[in-house]
Amino acid sequence: MDFSNKTVIITGAGNGIGRGIAFLYAEKGANVVLADIDEKAGTQTVGMIKEQGGEALFIQTDVKLETDIERLMEVTNQTYGQIDILINNAGKGLFKSPYEVSIDEWDDVINTNLRSVFLGSREAAKYMRHNKEGGSIVNIASTRAIMSEPNSESYAATKGGIVAITHALASSFSKDRITVNAISPGWIETGDYTKLSQLDHEQHLSKRVGKPDDIARACLYLTAKENDFVTGINLVVDGGMTRKMIYEE
(Lines give C-alpha, C1' and ligand atoms only; values in the text may rest on other atoms or scores of the structure.)
Protein backbone atom coordinates (compact mmCIF):
# COMPACT_ATOMS: atom_id res chain seq x y z
CA MET A 1 0.00 0.00 0.00
CA ASP A 2 1.77 3.07 -1.32
CA PHE A 3 0.52 6.54 -0.43
CA SER A 4 3.30 8.51 -2.12
CA ASN A 5 1.92 11.57 -3.91
CA LYS A 6 -1.47 11.06 -2.24
CA THR A 7 -3.03 13.96 -0.33
CA VAL A 8 -4.85 13.09 2.88
CA ILE A 9 -7.01 15.43 4.98
CA ILE A 10 -7.58 14.43 8.61
CA THR A 11 -9.97 16.41 10.80
CA GLY A 12 -9.30 16.58 14.52
CA ALA A 13 -5.68 15.68 13.80
CA GLY A 14 -4.02 17.75 16.53
CA ASN A 15 -4.52 15.16 19.26
CA GLY A 16 -5.47 11.57 20.01
CA ILE A 17 -6.55 9.18 17.30
CA GLY A 18 -6.38 11.83 14.58
CA ARG A 19 -2.80 12.61 15.43
CA GLY A 20 -1.85 8.95 15.22
CA ILE A 21 -3.53 8.68 11.82
CA ALA A 22 -1.63 11.75 10.57
CA PHE A 23 1.74 10.34 11.64
CA LEU A 24 1.17 7.01 9.90
CA TYR A 25 0.05 8.51 6.59
CA ALA A 26 3.06 10.82 6.65
CA GLU A 27 5.31 7.82 7.32
CA LYS A 28 3.78 6.14 4.26
CA GLY A 29 4.68 9.10 2.04
CA ALA A 30 1.42 11.03 1.84
CA ASN A 31 0.95 14.78 1.90
CA VAL A 32 -0.93 15.19 5.17
CA VAL A 33 -3.29 18.08 5.88
CA LEU A 34 -4.20 18.45 9.54
CA ALA A 35 -7.49 20.23 10.21
CA ASP A 36 -8.17 21.14 13.83
CA ILE A 37 -9.67 23.98 15.83
CA ASP A 38 -6.70 23.74 18.23
CA GLU A 39 -4.01 25.80 16.51
CA LYS A 40 -1.28 25.00 19.04
CA ALA A 41 -1.77 21.23 18.89
CA GLY A 42 -2.08 21.23 15.11
CA THR A 43 1.02 23.33 14.57
CA GLN A 44 3.07 21.19 16.97
CA THR A 45 2.00 17.99 15.23
CA VAL A 46 2.92 19.37 11.81
CA GLY A 47 6.32 20.36 13.18
CA MET A 48 6.94 16.84 14.48
CA ILE A 49 5.92 15.27 11.18
CA LYS A 50 8.29 17.55 9.26
CA GLU A 51 11.13 16.79 11.68
CA GLN A 52 10.68 13.12 10.75
CA GLY A 53 10.90 13.95 7.05
CA GLY A 54 7.20 14.00 6.28
CA GLU A 55 5.13 16.55 4.36
CA ALA A 56 2.36 18.22 6.37
CA LEU A 57 0.20 21.33 6.47
CA PHE A 58 -2.00 22.68 9.25
CA ILE A 59 -5.25 24.49 8.45
CA GLN A 60 -7.20 25.78 11.44
CA THR A 61 -10.75 24.55 10.98
CA ASP A 62 -14.02 24.59 12.90
CA VAL A 63 -15.68 21.53 11.37
CA LYS A 64 -19.14 22.82 12.33
CA LEU A 65 -18.81 25.70 9.86
CA GLU A 66 -19.52 25.24 6.16
CA THR A 67 -17.22 28.15 5.28
CA ASP A 68 -14.30 26.59 7.18
CA ILE A 69 -14.80 23.22 5.47
CA GLU A 70 -14.97 24.86 2.04
CA ARG A 71 -11.76 26.77 2.78
CA LEU A 72 -10.05 23.59 4.03
CA MET A 73 -10.71 21.83 0.73
CA GLU A 74 -9.82 24.85 -1.38
CA VAL A 75 -6.47 25.49 0.32
CA THR A 76 -5.58 21.80 0.23
CA ASN A 77 -6.32 21.58 -3.48
CA GLN A 78 -4.39 24.77 -4.20
CA THR A 79 -1.38 23.50 -2.21
CA TYR A 80 -1.14 19.90 -3.42
CA GLY A 81 -3.14 19.87 -6.65
CA GLN A 82 -5.74 17.30 -5.61
CA ILE A 83 -7.53 15.62 -2.70
CA ASP A 84 -7.36 11.82 -2.54
CA ILE A 85 -8.40 10.83 0.98
CA LEU A 86 -10.52 12.35 3.75
CA ILE A 87 -10.61 11.03 7.31
CA ASN A 88 -13.57 12.53 9.17
CA ASN A 89 -12.22 12.08 12.68
CA ALA A 90 -13.13 15.28 14.58
CA GLY A 91 -15.59 14.82 17.40
CA LYS A 92 -16.51 15.60 20.97
CA GLY A 93 -18.35 13.84 23.77
CA LEU A 94 -21.03 14.90 26.20
CA PHE A 95 -21.95 12.69 29.12
CA LYS A 96 -24.80 14.34 30.95
CA SER A 97 -28.26 13.31 32.08
CA PRO A 98 -30.87 13.70 29.31
CA TYR A 99 -32.94 15.59 31.88
CA GLU A 100 -30.23 18.24 32.06
CA VAL A 101 -28.83 18.50 28.51
CA SER A 102 -29.70 21.82 26.91
CA ILE A 103 -30.71 22.00 23.26
CA ASP A 104 -27.62 24.12 22.60
CA GLU A 105 -25.40 21.39 24.06
CA TRP A 106 -27.24 18.78 21.98
CA ASP A 107 -26.85 20.79 18.78
CA ASP A 108 -23.17 21.42 19.46
CA VAL A 109 -22.41 17.68 19.63
CA ILE A 110 -24.61 16.88 16.63
CA ASN A 111 -23.00 19.61 14.52
CA THR A 112 -19.44 18.78 15.59
CA ASN A 113 -19.69 15.02 15.16
CA LEU A 114 -22.30 14.37 12.47
CA ARG A 115 -22.99 17.51 10.44
CA SER A 116 -19.22 17.82 9.95
CA VAL A 117 -19.11 14.38 8.32
CA PHE A 118 -21.70 15.40 5.76
CA LEU A 119 -20.06 18.76 5.07
CA GLY A 120 -16.56 17.34 4.85
CA SER A 121 -17.56 14.42 2.65
CA ARG A 122 -19.60 16.56 0.28
CA GLU A 123 -16.93 19.21 -0.18
CA ALA A 124 -14.07 16.72 -0.52
CA ALA A 125 -16.04 14.66 -3.05
CA LYS A 126 -16.43 17.73 -5.27
CA TYR A 127 -12.66 17.54 -5.81
CA MET A 128 -12.24 13.75 -5.68
CA ARG A 129 -14.76 13.20 -8.49
CA HIS A 130 -12.31 14.81 -10.91
CA ASN A 131 -9.44 12.48 -9.96
CA LYS A 132 -8.57 9.73 -12.41
CA GLU A 133 -8.80 7.16 -9.61
CA GLY A 134 -11.57 8.80 -7.58
CA GLY A 135 -10.97 8.93 -3.85
CA SER A 136 -11.63 7.48 -0.40
CA ILE A 137 -13.48 8.73 2.67
CA VAL A 138 -13.32 7.17 6.14
CA ASN A 139 -15.67 8.30 8.90
CA ILE A 140 -14.69 7.59 12.50
CA ALA A 141 -17.75 6.31 14.33
CA SER A 142 -17.67 4.33 17.60
CA THR A 143 -18.82 1.10 19.20
CA ARG A 144 -21.13 3.44 21.11
CA ALA A 145 -23.25 3.38 17.96
CA ILE A 146 -24.29 -0.14 18.99
CA MET A 147 -24.00 -0.13 22.80
CA SER A 148 -24.38 2.50 25.51
CA GLU A 149 -23.75 3.75 29.00
CA PRO A 150 -26.24 6.06 30.73
CA ASN A 151 -26.21 9.77 29.86
CA SER A 152 -24.60 9.44 26.43
CA GLU A 153 -27.55 10.18 24.14
CA SER A 154 -26.08 12.93 21.96
CA TYR A 155 -22.80 11.11 21.42
CA ALA A 156 -24.55 7.80 20.64
CA ALA A 157 -26.90 9.55 18.22
CA THR A 158 -24.02 11.05 16.26
CA LYS A 159 -22.07 7.82 16.06
CA GLY A 160 -25.12 5.86 14.96
CA GLY A 161 -25.77 8.57 12.41
CA ILE A 162 -22.21 8.31 11.11
CA VAL A 163 -22.63 4.57 10.50
CA ALA A 164 -25.86 5.21 8.59
CA ILE A 165 -24.64 8.16 6.52
CA THR A 166 -21.56 6.14 5.56
CA HIS A 167 -23.45 3.59 3.48
CA ALA A 168 -25.72 6.32 2.08
CA LEU A 169 -22.69 8.32 0.89
CA ALA A 170 -21.06 5.15 -0.45
CA SER A 171 -24.12 4.69 -2.65
CA SER A 172 -24.30 8.32 -3.74
CA PHE A 173 -20.60 8.65 -4.55
CA SER A 174 -20.10 5.25 -6.20
CA LYS A 175 -20.58 6.67 -9.70
CA ASP A 176 -17.60 8.98 -9.03
CA ARG A 177 -15.34 6.08 -7.93
CA ILE A 178 -15.28 7.31 -4.32
CA THR A 179 -15.34 4.67 -1.57
CA VAL A 180 -16.89 5.59 1.78
CA ASN A 181 -16.39 3.48 4.89
CA ALA A 182 -16.63 3.85 8.66
CA ILE A 183 -14.44 2.64 11.50
CA SER A 184 -15.93 2.09 14.94
CA PRO A 185 -13.14 2.17 17.52
CA GLY A 186 -13.63 0.63 20.91
CA TRP A 187 -11.43 1.60 23.85
CA ILE A 188 -8.47 3.42 22.33
CA GLU A 189 -6.11 4.81 24.96
CA THR A 190 -4.73 8.22 23.96
CA GLY A 191 -3.18 9.00 27.34
CA ASP A 192 -0.51 7.16 29.34
CA TYR A 193 -0.81 3.52 28.24
CA THR A 194 1.42 2.34 31.09
CA LYS A 195 -1.16 3.42 33.67
CA LEU A 196 -3.73 0.90 32.44
CA SER A 197 -4.40 -2.06 34.71
CA GLN A 198 -4.33 -5.74 33.84
CA LEU A 199 -8.10 -5.75 34.34
CA ASP A 200 -8.41 -3.04 31.69
CA HIS A 201 -6.58 -5.23 29.19
CA GLU A 202 -8.41 -8.42 30.17
CA GLN A 203 -11.78 -6.89 29.21
CA HIS A 204 -10.75 -7.47 25.59
CA LEU A 205 -10.51 -10.71 23.62
CA SER A 206 -7.24 -9.29 22.30
CA LYS A 207 -5.99 -9.09 25.91
CA ARG A 208 -4.99 -5.46 25.46
CA VAL A 209 -6.52 -1.98 25.19
CA GLY A 210 -6.30 -0.35 21.77
CA LYS A 211 -3.88 2.33 20.60
CA PRO A 212 -4.27 5.09 17.99
CA ASP A 213 -2.06 3.11 15.59
CA ASP A 214 -4.69 0.36 15.54
CA ILE A 215 -7.15 2.81 14.00
CA ALA A 216 -4.53 4.37 11.76
CA ARG A 217 -3.69 0.99 10.20
CA ALA A 218 -7.39 0.37 9.57
CA CYS A 219 -7.54 3.72 7.76
CA LEU A 220 -4.64 2.66 5.54
CA TYR A 221 -6.48 -0.54 4.63
CA LEU A 222 -9.73 1.20 3.76
CA THR A 223 -8.09 3.93 1.68
CA ALA A 224 -5.55 1.87 -0.27
CA LYS A 225 -6.42 1.74 -3.97
CA GLU A 226 -5.95 -2.04 -3.90
CA ASN A 227 -8.96 -2.28 -1.57
CA ASP A 228 -11.48 -0.28 -3.60
CA PHE A 229 -13.81 -3.31 -3.56
CA VAL A 230 -14.52 -2.45 0.09
CA THR A 231 -17.12 0.30 0.46
CA GLY A 232 -20.13 1.08 2.62
CA ILE A 233 -18.93 -0.95 5.61
CA ASN A 234 -18.50 -0.22 9.31
CA LEU A 235 -15.28 -1.84 10.49
CA VAL A 236 -15.34 -2.45 14.26
CA VAL A 237 -11.83 -2.21 15.72
CA ASP A 238 -12.26 -2.93 19.42
CA GLY A 239 -10.18 -5.94 20.39
CA GLY A 240 -13.35 -8.03 20.42
CA MET A 241 -14.81 -6.13 23.36
CA THR A 242 -18.34 -5.85 21.95
CA ARG A 243 -18.38 -9.60 21.22
CA LYS A 244 -17.29 -10.69 24.68
CA MET A 245 -20.04 -11.84 27.02
CA ILE A 246 -19.61 -10.30 30.45
CA TYR A 247 -21.68 -11.50 33.42
CA GLU A 248 -21.67 -9.74 36.75
CA GLU A 249 -20.82 -12.24 39.47
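# Loops, helices and salt bridges

Biologist: Which residues does T190 touch, not counting those up to four places away in sequence?

Modeller: With residues up to four places away left out, T190 still has contacts, and they are in the predicted model. T190 itself belongs to the loop between β6 (178–185) and α6 (198–202). Its partners are G16, I17 and P212.

Biologist: What separates the C-alpha atoms of T190 and I17?

Modeller: T190 and I17 are on the contact list just given. Along the chain they are 173 residues apart, yet the separation of their C-alpha atoms is 7.0 Å.

Biologist: What share of the contacts between residues at least 6 apart in sequence joins residues at least 24 apart?

Modeller: The T190–I17 pair is 173 residues apart along the chain. Counting contacts in the chain between residues at least 6 apart, the share that joins residues at least 24 apart is 68%.

Biologist: In what order do the elements of the chain run?

Modeller: The chain has seven helices and seven strands. Read from the N terminus on, they go β-α-β-α-β-α-β-α-β-α-β-α-α-β.

Biologist: What is the radius of gyration of the chain?

Modeller: For 249 residues the globule rule gives 18 Å, and the chain comes close to that, so it is as compact as a globular protein of that length. Along the principal axes, the C-alpha atoms fill a box of roughly 60 × 40 × 40 Å. The radius of gyration is 18 Å.

Biologist: What part of the accessible surface belongs to carbon and sulfur atoms?

Modeller: Of the 249 residues, 49% count as buried. The accessible surface of the chain comes to about 12500 Å², and the part belonging to carbon and sulfur atoms is 50%.

Biologist: How far apart are the end C-alpha atoms of α5?

Modeller: Helix α5 covers residues 153–173. At 1.5 Å a residue, its 21 residues should span 30 Å. The model agrees with that, because the end C-alpha atoms are apart by 30 Å.

Biologist: What covers the buried residues of α5?

Modeller: The buried residues of α5 include Y155, I162, L169 and F173. Polar ones are there too, among them S154, T158 and K159. The cover includes α4 (103–128), β5 and β6.

Biologist: Which loop holds N151, with its positive phi?

Modeller: Phi of N151 is near 70°, a positive value in a residue other than glycine. N151 counts as partly exposed because its relative accessibility is 31%. Its place is the loop between β5 (135–140) and α5 (153–173).

Biologist: And what is phi of R177 near?

Modeller: R177 is in the loop between α5 and β6. With a relative accessible area of 39%, R177 is partly exposed. Its phi is positive, in a residue other than glycine, and is near 60°.

Biologist: Is D214 buried or exposed?

Modeller: D214 is in helix α7 (residues 212–223). Leaving aside neighbours within four places in sequence, D214 is in contact with R208 and V237. Its relative accessibility is 14%, and the cut-off for buried is under 20%, so D214 counts as buried.

Biologist: Which residue forms a salt bridge with D214?

Modeller: The partner also lies in helix α7, three residues from D214, about one turn of the helix. In general, residues three or four places apart in an α-helix point the same way, because there are 3.6 residues a turn. The partner is partly exposed, with a relative accessible area of 45%. The closest N and O atoms of the bridge are 2.8 Å apart, and the partner is R217.

Biologist: Which residue meets E149 in a salt bridge?

Modeller: E149 counts as partly exposed, at 47% relative accessibility. The partner is partly exposed as well, at 25%. The N to O value for the bridge is 2.8 Å, and the partner is R144.

Biologist: Which residues are joined into one network by salt bridges that share partners?

Modeller: The structure holds 14 salt bridges. One of them is between the side chains of K225 and D228, at 3.5 Å, N to O. Bridges with shared partners make one network of D62, K64, K92 and D108.

Biologist: What accessible area does the nonpolar patch with V236 have?

Modeller: V236 is in strand β7 (residues 234–237). At 33% relative accessibility, V236 counts as partly exposed. It forms the surface patch with I146 and M147, and together their accessible area is about 260 Å².

Methods
Residues numbered from 1 in each chain as written. Predicted model: local features only at pLDDT ≥ 70, side-chain atom pairs only at ≥ 80, totals over all residues. Heavy atoms only, no water. Patch = residues over 30% accessible without salt bridge, like charges linked within 9 Å, V, L, I, M, F, W, Y side chains within 5 Å. Areas by Shrake-Rupley, 256 points an atom, 1.4 Å probe, with all protein chains shown as cover. Salt bridge = Lys/Arg side-chain N within 4 Å of Asp/Glu carboxyl O. Helix = DSSP H or I, 4+ residues; strand = E, 2+ residues; numbered from the N terminus. Buried < 20%, exposed > 50% of the residue type's maximum accessible area, 1.4 Å probe, protein only. Rg over C-alpha atoms; globule rule 2.2 N^0.38 Å. Contact = heavy atoms within 4.5 Å. Expected span 1.5 Å × (residues − 1).
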